[in-house]
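Trainee: I'm new to this one. Could we walk through it together?

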Amino acid sequence: MTRQRSVTMGARRHRRNSLVIVDPPTVEYHHLKHETDRTDLKKNLSTTHLHTLEEQSRKKDLLLWPLTNEENREYTEYVKSELLYPHINEVLDFESYQTLDTETADVLDETLEYFNHVHDVNGSLLQETQDIIDQLNHLQLINESIINQTKEFHETSSKLITETNEDRQLYNGVMEILDVFNQLDPIIHKLNTTSSSGMVNDASFAEILTKLDFCMQFLETDERREFKEYAKYKTRFRQCLIRALTLIRNYVIETFKEYEPIIVAKLAEDSDLSFLQKKLVTNEVFTEDLGEKNIIHLISYLNERYSADDEEISNLLKNIYAQYFRLRWKLVHFLVEPLLLEIKENSLDVALKHFDSWYGLISDEKNLLESFFTGRNDLQTQQLNQWLAQVISPLHEILKGEIAKVHDVEELKKLLTELQQYRNTSMSGDEVEELNLNKFFEPVINDFDNQYLAQIRQRVTDSIINYGSSPKELKLSAATLPVYPPILEVSAILEESQLIISKASFDHLANTLVHISILSILKNYGGELNHKVDKQVIARKLFVIKSLLHLKNELQTKYAFIDFGTASKNTSITSVIRHLFHKSNPVFEHYVEFDSTKTNKSRQDLRLWFLPTVLTQDTDSFTELSLVLHKIINEFIVDYATKIIQDIDPQNMLDTLTYQISHLSTSISTNIEDEKIAESLIERIQGRIVDEYEARKLPDTDRFLVFFNQAIADDDT
């Protein structure tokens, strides 16, 4: 390593774990031959170079510079190669050492002195560093103490702040509660010192209502019940609220009364106004005039505070409704009077053409009422229904007499067909948001229904109740039996009436007709069914079964929607029987002699022998039909089996059985349309024949069974 490189490296700032030492003066020993050169070198090294480097070290504070690992390694190599190794042999060799001249020794002494100086400086710096470390440790302890004190102060401050906030919240809460009660006296003073209801239009009045609502709601919670004089304050707030709402009611009613002669005068002045022009005055002008007086907004105050359980507010609203209806009724009168007059002067056809006008009228009244009494509730619905029924009542009253004059069934059918669009088809249990206005036409349409039913009553009496079988019918000898004509008439009446009368009326009609048709067929054929079994009795029973099955099939297929259960509440079996056995109605009088089970022949206790004992006053006609069929079919099976056994010829048993079984299958399958019922009936009769033959213990049972089975097999083939 050259001298220049060593000086440069010694002056560099190094940063590792070792101390920086300024490079000592380098002795370039080349065994100088001349003393003068050696002396000059010593002088240069010992004075100029050494002091210059030392001065630079002080100025630049190079004594504490650390070396990197790489720089430390280079410096070590330099010391070994440049300082020690060139003279190592001389140092170790005593003789050689003695040969060293004093100049060389001086250089080494100066170098050693320099190293000692560096050592002392480094030691001083190390001591200063240790002192600084001790001071820092002391400062750290002080800092930790300050941190702990600050933490304790923060915790104490936070606790105090929390307690202060709680106290402030408690104070605010107490003040809010007291403020509620403190508002009572100013409100009472304001309401009691005002004699005019006109104050309801002031802005301060709305503030009073808002405060009362808040105070009432504040006192509703359970925790407030523990307050002293809770009930007293609640009652006084309530009285203030009712007082305020009463002022609103008085103002609204007074306004309606003041406006009544004004609007009536407008209509009276222009008597030649058309219907639409009158509607404009009675609806739009009416709404605009009262809207300017803040009526709608004031009524909303009561509606917002209405509750079905609050009788006082309900009564205030009802008072307003009543005055509103009185005013509107006078205005509606100007609209409906010309329509009523035209209906009186013309036919029902003209009246029906005006139904659209009546529908529009009640629709307008509905919308108008809902605009004044905003907020739908049960009271509004109740009042609206009553009002619209009142509006349309003149139409009902005038048409009631006109409808009673119509006796032609065909004309009634035509009128009912035109009214179908106004028939209410919604069920009573349906929940609908929008009011169905058709229900207000129900009274009128029901009058048409009742008139129609009244006109077909004579038809029912003639063709069903008073129907009498002809001698030709009584023979019933044909293989294919007819259906009882009154039952066919029932089917025809139901088909004609289904689409023109209400469902309730139709159900009532169907329930009644089924009752009457059952009694009619049994009146004509039931008595003789109790006679001794013969072919004619069996044929008549089959005829009754066929007719009743036909009726039941019609009801199950075409009219399955009929609610017989509901209809039976209005048309019971007992009521029908009592009607038919009335003294003025001798329809079933001849039937008493066949009731062998009755000792008392009074009309009140009269019952037909064939009616099942399970029938009660509440049994519907369809159930009655099923029970009567069940009883007659069972009797028919027994009678048919008995007749076959009676006709068996012991000498010609096989032929007799073959004929009887074949005739049985033919007669039943020909007259009973339902194949399943026919097959079931044949099988039951065949089973009854065997049971009856064995029960009588007749001779040749085994031979009978063989022939009977053979006859059945032959019939099947």
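**Charged pairs and a helix pair**

Mentor: Sure, and keep in mind that this is a predicted model. Let's begin with K558: its relative accessibility is 44%, so it counts as partly exposed.

Trainee: Which side chain does K558 meet in a salt bridge, and is that partner buried or exposed?

Mentor: The N to O distance for K558 is 3.7 Å, and the partner is E554. Buried means under 20% relative accessible area. E554 has 12% relative accessibility, so it counts as buried.

Trainee: How far apart in sequence are the parts that D310 and R238 tie together?

Mentor: These two form a salt bridge, with their closest N and O atoms 2.5 Å apart. D310 is buried at 13% relative accessible area, while R238 is partly exposed at 21%. D310 sits in the loop between α11 and α12 and R238 in helix α9, so the parts they tie together are separated by 72 residues.

Trainee: Which helix holds both K631 and E635?

Mentor: K631 and E635 form a salt bridge too, with the closest N and O atoms 3.5 Å apart. They're four residues apart, about one turn of the helix, and that helix is α24.

Trainee: How are α15 and α17 oriented relative to each other?

Mentor: Their axes are 10 Å apart, and the packing angle is about 10°. Angles under 35 degrees count as roughly parallel. So α15 and α17 are roughly parallel.

Trainee: And how many nonpolar residues are in the contact of α15 with α17?

Mentor: Residues making this contact include L399 and I403 of α15 and V444 and F448 of α17. Two polar and two charged residues take part, and the nonpolar ones number six.

Technical notes. Residues numbered from 1 in each chain as written. Predicted model: local features only at pLDDT ≥ 70, side-chain atom pairs only at ≥ 80, totals over all residues. Heavy atoms only, no water. Axes fitted to C-alpha atoms, helices over the stretch in contact; angles between N-to-C directions. Helix = DSSP H or I, 4+ residues; strand = E, 2+ residues; numbered from the N terminus. Parallel < 35°, antiparallel > 145°, perpendicular 65-115°, else oblique. Contact = heavy atoms within 4.5 Å. Nonpolar A, V, L, I, M, F, W, Y, C, P; charged D, E, K, R; others polar. Salt bridge = Lys/Arg side-chain N within 4 Å of Asp/Glu carboxyl O. Buried < 20%, exposed > 50% of the residue type's maximum accessible area, 1.4 Å probe, protein only.
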